[in-house]
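Open the model in your viewer and set the display to cartoon. The stops below go from the whole chain to one sheet and then to single residues.

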Amino acid sequence: MEITHYVSIKFLNSSKAYYFGTNIPDLQADDFVVAESIRGMQVGKVSDKPIPIEKYKSSLELKPILRRATKADLIVYEDNIKKAKEAIKITNEEIEKLNLDMHTIEAEYALDCSKITITYVSDDRVDFRELLKSLAFRLHCRIELRQIGSRDKARMVGGIGICGLPLCCATFLNNIEGISINRAKNQMLSLNIPKLSGHCGKLICCLLYEDDAYTELKKDFPKIGEIVNKDDIKFKVTSYNVLSRIVKLESDEEDIQFVPLEEVNELLGRSTKKVQPIKKDNFEKPIVNKNNNFNNNNKTQADNKNNNQNRNKKPYQKNNVNPNNEEKVINKEQTEKVNENKNKPQTNNRRHNNNFHYRPKNKK
């Protein structure tokens, strides 16, 4: 068969697409085809349009697509799925008889039922020679036992991650790299292993996504423990926030300050090159008016008008008019006492809380 195009195909329970050669240029996405793979003849689904073979640059050999899948092929394909479930039950029975330390995940028949591939998980190597003999006697076909790791198991089974989305390995992540705890330390995360572990029991793959960005951003920051002289006081860098670009400084006199990175680098005689620092406006205190009202930059003109109207209103009174049609007059002393109580710091101590009244017992 002369191959003129190549196309990507996905198989059952597989998120990864594989390239196959074909001489059918009018294939469309979601079309079913019969392809010759390592596991034998398989039914797969086309995931993209065919591409001319001249644009293929890989050195790997392309397996051919034999034909479009017919109705008879799809019926056999569905029957093989039911047979595979029965094969898993038979395999589990034989595993229990032989007391083997292995757990089956799935089984898949070739389209012509000449071969079955059984996938299992095990921590150690398993001697399954006796198992193969008993399965060959009951299944009457070639048997391939394929061992996978915990990450591959999570990819095949799938699930929902801590972010609320389907697992990365089950959707788009094809190549899984080794992840060490140093990546969590580089991103300054709390080393809580249960929270940093995924469905596979190993560190979550998304630690890879931002690791390089954190490495670049941290080049601008001073080292932890470095001494900074500010206002003739020696401060020590104890921590910093990479995202907000704020550095925490502590002195021996228990004076703690949170300073922007740009200011710290100026004190150290360095320059901030990698990323533009946050503007100083974000760290300034709110401006106070003569009327002791705080202005927010985000307020609109309509909000300011409403605030001005509210200032001119009289204090809230439960009954605006007395039975004798006389207006109530609020004592200045009473208002001063109320303001004093508002300005007092609230404590959790029952004795000093305004909601409770403590009366000491009379001494005998």
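**Whole chain**

Start with the protein chain in full: ten helices and 13 strands. Helices (H or I, at least four residues) and strands (E, at least two) are DSSP runs, numbered from the N terminus. This is a predicted model, in which local features need pLDDT of at least 70 and side-chain atom pairs count only at pLDDT 80 or more, while totals for chains, interfaces and linings use all residues. Residues are numbered from 1 along each chain as its sequence is written, and side-chain values use heavy atoms, with hydrogens and water left out.

Colour by accessibility: of the 364 residues of the protein chain, 27% count as buried. Buried means under 20% relative accessible area, exposed over 50%, and partly exposed in between (1.4 Å probe, protein chains only).

**The sheet E7-E8-E9**

Select 103–109 for strand E7 and 142–148 for strand E9, then add residues 115–121 for strand E8. These three strands form an open sheet in the order E7-E8-E9, with mixed pairing; two strands pair if DSSP finds at least two bridges between them. E7 and E9 are the edge strands, each with a single partner strand, so one side of each has no neighbour in the sheet. On average, neighbouring strands here are turned by 20° against each other, direction ignored.

Zoom in on E8 and E9, which pair in the parallel sense over seven bridges. One place to look is Lys115, whose bridge partner in E9 is Arg142.

**Helices on the sheet**

Now show residues 71–98, helix H1, which lies across E7 and E8 and runs at about 145° to E7. Axes are lines fitted to C-alpha atoms, for helices over the stretch in contact, and angles run from 0 to 180 degrees between N-to-C directions. Next add residues 150–157: this helix, H3, packs on the sheet and touches E7, E8 and E9, its direction making about 55° with that of E7.

**Single residues**

Is Asp73, in helix H1, buried or exposed? Asp73 counts as buried because its relative accessibility is 9%. Leaving out residues up to four places away in sequence, Asp73 touches Val34, Arg67, Arg68 and Leu111 (contact means heavy atoms within 4.5 Å).

Move to the loop between E7 and E8 and pick Cys113. Cys113 has a positive phi of about 60° although it is not a glycine, and at 24% relative accessibility Cys113 counts as partly exposed.

Finish at His140, in the loop between helix H2 (129–139) and E9. His140, also not a glycine, has a positive phi of about 60°; with 66% relative accessibility, His140 counts as exposed.
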